[in-house]
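Me: I have a model to go through, and I want the reasoning behind each label. Please set the values against the cut-offs.

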Amino acid sequence: MHAHWTRRQFLGRVGMAAAAIQTLDQLDLCCALAGDAKTAAKDLFELKPVADGVYAAIAATQYKVNSNAAVILTNDGVVVVDSHSKPSAAQALYHDIRGLTKNPVRKIINTHFHWDHWQGNQVYADAFPSLEIITSERTKENLTMADAGVGGVPFIERQLAALPKEIDKLKDDIMKATDPEQKARLEENIRQAEAYLAELKTLKPMLPTRTVTSTMTLNEQGREIQLLLLGPGHTDGDVYVYLPKEKVVVTGDAVIDWMPFLNDGYPEEWVQTLTALEKVDFNQMILGHGEVATKEHLVFFKGYLADLIASVKKAAADGGTLDEMKKAIPDQLAPRYERGMSKYPLGQYRDRVGLNIEMVYQKVVKKG
Ligand SMILES: [Zn+2]
Ligand SMILES: [Zn+2]
């Protein structure tokens, strides 16, 4: 399953002369691949130090979204949490990592199975044949299951089938657009969607090589890295990466800086799980999306989920229909949550609150 390419195959693919094999270092080869990585990296990420040797790669908000990543340097290597939505994005971050250290990337940790967090795994696996890709047992299962949700190997096929229609729709929208700014944005979206489609066609799904079923500690040369399995939340396999000495936690999408995505989630358990996370001794969170945050944001984010669930339950108990809930609840919760959940062009409060209500209605009320 985990078929690493040999160096020769790797060179063959990038069309380099066989003579170059003797002279090129494998690591440099990886970077030589992305001739424009420097520009791309600047547009895709900002690498922010959060502790000595620990960085948050904060993804720029794009139409074809990338997740944030965490970069953890050890005395003899690098551990990277999450690998974005596509190899070119992982390549761009890898280029930046090479600016920090020449040590090899030894481990990738995938926080969950969603497409925007693991589809770049191959970049690191190709560069480092002994790379370990670690996640929870549940997430590995989700990565191969037919209907786990918006991620995994079967989801690649679904995206390939859906993208041409998505691009046609964007083209239709451009025809109808009158505002030049909106037109330019749609054109940029088409460019991103077409580039993403081209990458998906050659994607090599690189699955985890090692799984964990409960919280455990990795002792990496000078760095203690805990993998916390705290319960279901954003998915049923969420992994939190915790650095106890640095007091930093990497949350994946279990905590983000915009509106949560509940479709593959477990709303009530999510609140419980975040209560467990709150008890962990940390000062900074590297989120799945958005800027580095403090514990205060965890309280805010959990508060939204808890209030959303309470509002839907109450409306249902009062005999309200889903349509009525979608009309009333957004305004009820807006004073507390609209501003804090609408800091970025993506995932804003009004864009997602209706869908969130519907998900809670289906997953909590209907099932309850
Ligand atoms: Zn995500
Ligand atoms: Zn996600």
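Me: What makes the zinc ion (ligand 2) and the zinc ion (ligand 1) a linked pair, and which residue coordinates both?

Reply: The two ions are 3.7 Å apart, and D253 coordinates both. This is a predicted model, where local features need pLDDT of at least 70 and side-chain atom pairs 80 or more, while totals for chains, interfaces and linings use all residues. Residues are numbered from 1 along each chain, ligands from 1 in the order written, and side-chain values use heavy atoms, without hydrogens and water.

Me: How do you know which residues coordinate the zinc ion (ligand 2)?

Reply: Donors are N, O and S atoms within 2.8 Å of the metal (3.2 Å for Na, K and Ca). H112 (NE2), H114 (ND1), H234 (NE2) and D253 (OD) lie at 2.1 to 2.3 Å, so they coordinate the ion. Water is not among the atoms, so the site may look incomplete.

Me: Why is the arrangement around the zinc ion (ligand 2) called irregular?

Reply: Four donors are tetrahedral if all angles lie between 85 and 135 degrees, and square planar if opposite donors are over 155 degrees apart and all others between 65 and 115. Here the angles run from 88 to 162°, which makes the arrangement irregular.

Me: Why is H112 called buried?

Reply: Buried means under 20% relative accessible area (1.4 Å probe, protein chains only). H112 has 1%, so H112 is buried. D253 is also buried, at 6%.

Me: How do you know that β4 and β5 pair?

Reply: Pairing needs at least two DSSP bridges. β4 and β5 share four, in the parallel sense, so they pair. V80 stands opposite I108 in β5.

How values were computed:
Four donors count as tetrahedral if all angles lie between 85 and 135 degrees; four count as square planar and six as octahedral if opposite donors are over 155 degrees apart and all others between 65 and 115; anything else is irregular. Buried means under 20% relative accessible area, exposed over 50%, partly exposed in between (1.4 Å probe, protein chains only). Helices (H or I, at least four residues) and strands (E, at least two) are DSSP runs, numbered from the N terminus.
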